[in-house]
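The exercises below are meant to be worked with the model open beside the text. Each task is followed by a solution that goes step by step.

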Amino acid sequence: MANQVTAAPPAPPRGSPRLNDGPPPRRGRPALTGAGTFAVLAKIVLLGGLDGLAVAGIVVMVGLSMWVPVVVTVVVTGLINWIYLGRGRRLPAKYLTPGVAFLLVFQVGVVLFSGYIAFTNYGDGHNGSKDDAIASISRAGLERVPDSPAYPVTVVEKDGDLGLLVTDPDSGEVEVGTADEPLTVVGSPLTDATGTATGAPGYTTLTLADVLGRQGDVVDLTVPISDDPGSGFLRTDDASTAYVYRSAVTYDAATDTFTATDGTVYRDGGDGAFVSDDGTALTPGWKIGVGFDNFVRAFTDDQISQPLLRVTAWTFTFAILSVASTFAMGLFLALVLNHPRMRGVRYYRVLVILPYAFPAFLSGLVWAGLMNPEFGFINQVLLGGADVPWLTDPWLARFSVLLVNLWLGYPYMFLVCTGALQSLPGELEEAARVDGAGPWRVFRAIKLPLLLVSTAPLLIASFAFNFNNFNVIYMLTRGWPRFSDTTLDVGSTDLLITMVYKIANGQGGGRDFGLASALSILIFILVALVSVVAYRRTKALEEIH
Amino acid sequence: MATTEVTARPSGPAGPTPPPSSTGRARRPFSLGRWFRDTGWRHLVALVLVVFAVFPLLYVLSASFNPGGSLVGSNQLFSTIDLSNYVDLFTDPSQPFGRWFVNTLVIASVTAVATVFLGALAAYAFSRMRFRGRRVGLLSLMLVQMFPQFLAFVAIFLLLSSIGDVFPALGLGTHLGLIMVYLGGALGVNTYLMYGYFSTVPVSIDEAAKIDGAGHARIFFTIVLRLVAPILAVVGLLSFIATSGEYVIASLVLTDPQSQTLAVGLYMFVSQAFSNNWAIFAAGAVLSAVPVMVVFLLLQKYIVGGLTAGSVK
């Protein structure tokens with residue numbers, strides 16, 4: 001998890017004295033090589049459970065025609081069985097598999113998946129296959145066909161899904177269908193005196209009370225007449241008579257086009273939507289690969305590229321200034337409190353690290369209240385009713401965000417610097433003083449460089465953390481005040497990560513997963529570049545000292 | 001701060017600022033000026049910083065006791081002490097605070113325990129066994145954990161929604177699904193931390209047990225795990241704190257108010273009507289922060305020891 005706390009182990013147990021803490025060796029028992037009965041049992045239960053889950057999952061996935069996941073599941077389950085049923089060299093894998101499995105799926109896998117989404121137009125209006133889109137367009141805006149015959153129907157139920165049992169008024173044939181399955185002929189229906197079907201094998205007929213209880217569901221029920229969405233749907237208002245409904249646009253499978261009642265033709269324009277000649281698109285569209293479009297759009301579309309540049313610049317500024325300010329203040333405090341004759345240091349210490357123990361997401365909200373321009377404590381009480389726009393003026397908001405992050409972050413740096421200061425060899429300082437250096441000189445020329453070397457890895461980690469410091473920004477300002485030159489919900493204090501979050505969440509427009517993923521790939525690259533360069537530099541630093 | 005005082009003259013041990021010795025102090029009479037130059041100003045600086053650190057926390061505490069309820073009413077610190085906000089917090093059905101609290105506790109505890117377990121398994125393998133790909137494995141763990149998982153939240157959201165098609169109990173909106181996502185980050189820095197600690201437990205202990213006939217699983221569960229208990233506690237605690245404050249993924253996965261965590265629920269609650277909900281939010285904030293802060297301060301020694309040990313090579 002990404003958290004600022006990068007702890008190392010506390011004092012390790014030192015060899016032999018701790019030996020006695022372990023359970024005493026069991027000498028009298030027979031050799032228990034490998035596994036005992038309990039272990040064998042646990043293994044059987046766990047593996048059996050996993051395999052059972054996998055089989056159940058595969059059945060469902062085959063039903064949904066998810067072929068790639070089926071293959072992955074089979075391979076992975078097979079591999080896990082192979083690992084745990086074998087002996088000898090597979091031992092390390094037995095210990096690594098559980099954690100690595102989660103790591104591969106939910107950390108590595110999702111990053112790769114992001115990479116894939118970045119090259120699609122996935123998002124609101126483009127989130128399914130083309131067939132889904134055709135079905136959904138055909139279903140939208142249904143209107144009753146004027147000369148539709150009246151179909152006598154009975155509402156039936158199968159596995160919790162409602163269906164219509166239809167008697168064709170012309171042929172007298174009995175058919176049944178649900179919202180997902182078009183009408184199919186029923187073999188041996190139950191019929192009443194008039195020849196209207198009242199029941200079918202495998203289906204439960206709803207009683208009048210059931211129908212009344214589920215009136216809303218019954219009225220919403222839309223049963224396709226055939227596989228071709230163009231042929232229309234059956235709907236009923238009173239649970240006894242249904243009429244044919246057809247969409248205002250009809251799909252023609254032969255030409256792959258939609259035709260509206262006024263004659264407008266909508267074609268597959270190649271952008272994942274049916275588009276008419278004058279550029280109107282039917283919604284929803286479907287998901288297609290768009291190559292580098294999202295990346296190109298991020299850098300050339302004026303609505304996105306301008307804000308993106310400013311947000312990137314601010315993200316770097318925020319991360320650098322946050323590290324610098326928290327480090328400076330933490331170090332200053334550490335120097336102040338690191339004095340052999342000072343009393344009460346213990347109490348100061350506990351009090352100044354309190355902000356660090358306070359949950360970060362709450363800090364942002366609490367400070368948002370404190371800094372509220374109209375009612376906040378700072379303006380009303382500390383500044384005697386002033387009207388300082390702490391969170392609404394672009395530059396002041398940036399300052400406020402940095403101030404709050406300083407409050408949150410300096411205790412960490414204080415702890416780190418205290419530890420580092422106390423571990424500096426005292427002879428160096430003594431030697432410098434003998435040579436006539438004053439306290440400032442000792443600090444500048446000796447303590448600071450040594451401190452920087454020992455804390456450099458943590459400073460880099462802190463940079464990477466602040467680069468993506470979502471909670472502080474989002475809870476304090478939501479990235480606002482908003483830029484006025486874009487329709488996107490992006491503002492002066494937005495970091496890249498909050499901008500991506502808002503794009504993916506559809507604040508200020510539809511959700512655009514493709515663009516959001518493309519931008520998060522950019523963040524990945526930026527963080528990686530900065531970290532690599534920084535680690536190289538610290539290597540160089542180490543060699544100097 | 002100290003003034004710059006660079007003297008080119010070489011000076012002996014009795015230079016401008018001789019290192020003070022405790023024996024010398026007793027002989028000198030007390031002088032306020034010297035006390036201030038020596039440690040007094042340090043107390044002053046520390047006090048200023050303590051005020052900076054503590055005052056927002058006192059403000060929330062006072063707001064939570066203020067029955068007025070609004071933001072502007074919270075500005076008179078500790079004018080009244082009243083528990084009505086706490087009562088409202090648990091009784092008003094528009095914000096199921098009790099549920100949020102329990103949800104957060106459950107999600108964060110399960111994640112913490114499972115993280116410790118998965119991490120310990122991996123660390124045991126890395127520290128006690130020699131196998132092909134061990135070095136590469138450790139290095140790639142270091143690399144992978146540099147990228148925060150929540151950057152890929154779009155993919156996580158879509159992945160969970162398709163998992164939910166197959167196993168509804170693991171899909172969007174479920175706690176199990178969210179926990180699984182969090183466990184994706186179980187290895188990474190934790191394993192690295194634990195690996196270092198596991199390696200300090202002498203291998204001779206394992207060998208002794210092996211000679212006595214214990215298998216690898218028995219050695220792991222009954223011997224090694226007990227010896228590394230402190231690091232397990234630290235990793236579990238850090239994971240608990242990180243998970244309970246996580247917002248990005250939790251806000252995408254948990255959309256039903258009844259199933260949300262404190263971070264998501266409280267944020268949604270206070271951002272609906274910022275000023276009006278302020279006092280109740282403050283009460284919620286105090287209650288959510290107290291457990292974490294208490295544990296943090298109790299285990300401060302471990303965490304701080306860990307932090308500083310990590311910073312100093």
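**Exercise 1: The two domains of chain B**

In chain B, 15 residues of domain 1 are in contact with twelve residues of domain 2, where contact means that the C-beta atoms, placed from the backbone, lie within 7 Å. The model is a predicted one, in which local features need pLDDT of at least 70 and side-chain atom pairs count only at pLDDT 80 or more, while totals for chains, interfaces and linings use all residues. Residues are numbered from 1 along each chain as its sequence is written, and chains are lettered from A and ligands numbered from 1 in the order in which they are written.

Task: Describe which elements build the side of domain 1 of chain B that touches domain 2 of chain B.

Solution. Step one is to find the elements that give two or more residues to this side of domain 1, and these are helix H2 (32-64) and helix H3 (84-91) of chain B; helices (H or I, at least four residues) and strands (E, at least two) are DSSP runs, numbered from the N terminus. Step two is to ask which of them gives the most, and that is H3(B), with five residues. Step three is to sort this side of domain 1 by class, which yields seven nonpolar, seven polar and one charged residues, where Ala, Val, Leu, Ile, Met, Phe, Trp, Tyr, Cys and Pro count as nonpolar, Asp, Glu, Lys and Arg as charged, and the others, Gly among them, as polar. Step four is to place the domains: an automatic or database assignment gives domain 1 (38-90) and domain 2 (94-311) in chain B, and their centres, taken over C-alpha atoms, are separated by 31 Å.

**Exercise 2: A helix and the residue after it**

Task: Establish how far helix H2 of chain A reaches, and what follows H2(A).

Solution. Begin with the span: H2(A), residues 37-63, has 27 residues and reaches 39 Å from its first C-alpha to its last, close to the 39 Å expected at 1.5 Å a residue, the expected span being 1.5 Å times one less than the number of residues. Next consider its cover, for among the 27 residues of H2(A) the count of buried residues is one; a residue is buried if 20 or more other C-beta atoms lie within 10 Å of its own, exposed if 12 or fewer, and partly exposed in between, with C-beta atoms placed from the backbone. Then turn to A:Ser65, which follows H2(A) and lies in the loop between H2 and helix H3 (67-85) of chain A. A:Ser65 has a positive phi of about 50° although it is not a glycine, and A:Ser65 counts as exposed because it has 7 C-beta neighbours inside 10 Å.

**Exercise 3: A loop with two backbone features**

Task: Examine the loop between helix H17 (470-476) and helix H18 (496-505) of chain A, where A:Pro481 lies.

Solution. First, look at the peptide bond that joins A:Trp480 and A:Pro481, which is cis, with omega about 0°. Second, look at A:Arg478, which is found in the loop between H17 and H18 of chain A and has a positive phi of about 60° although it is not a glycine. Third, decide its burial: A:Arg478 counts as buried because it has 20 C-beta neighbours inside 10 Å.

**Exercise 4: A hairpin**

Task: Work out which side chains of strand S12 of chain A are buried, and how S12(A) is joined to strand S13 of chain A.

Solution. Along S12(A), residues 249-252, the side chains alternate, so start with the face of A:Val249 and A:Tyr251, which are buried, and then pass to the other face, where A:Thr250 and A:Asp252 are not. S12(A) and S13(A), residues 257-260, run antiparallel and are joined by four bridges, at least two DSSP bridges being required for two strands to pair. In S13(A), A:Ala260 is the bridge partner of A:Val249. Finally, four residues lie between the two strands of this hairpin, and A:Asp256 in the turn has a positive phi of about 60°.

**Exercise 5: Contacts between the chains**

Task: Find which residues of chain B are in contact with A:Leu351.

Solution. A:Leu351 is found in helix H10 (residues 345-352) of chain A and, leaving aside neighbours within four places in sequence, is in contact with B:Val50, B:Ala53 and B:Val54. A:Leu351 counts as partly exposed because it has 18 C-beta neighbours inside 10 Å.
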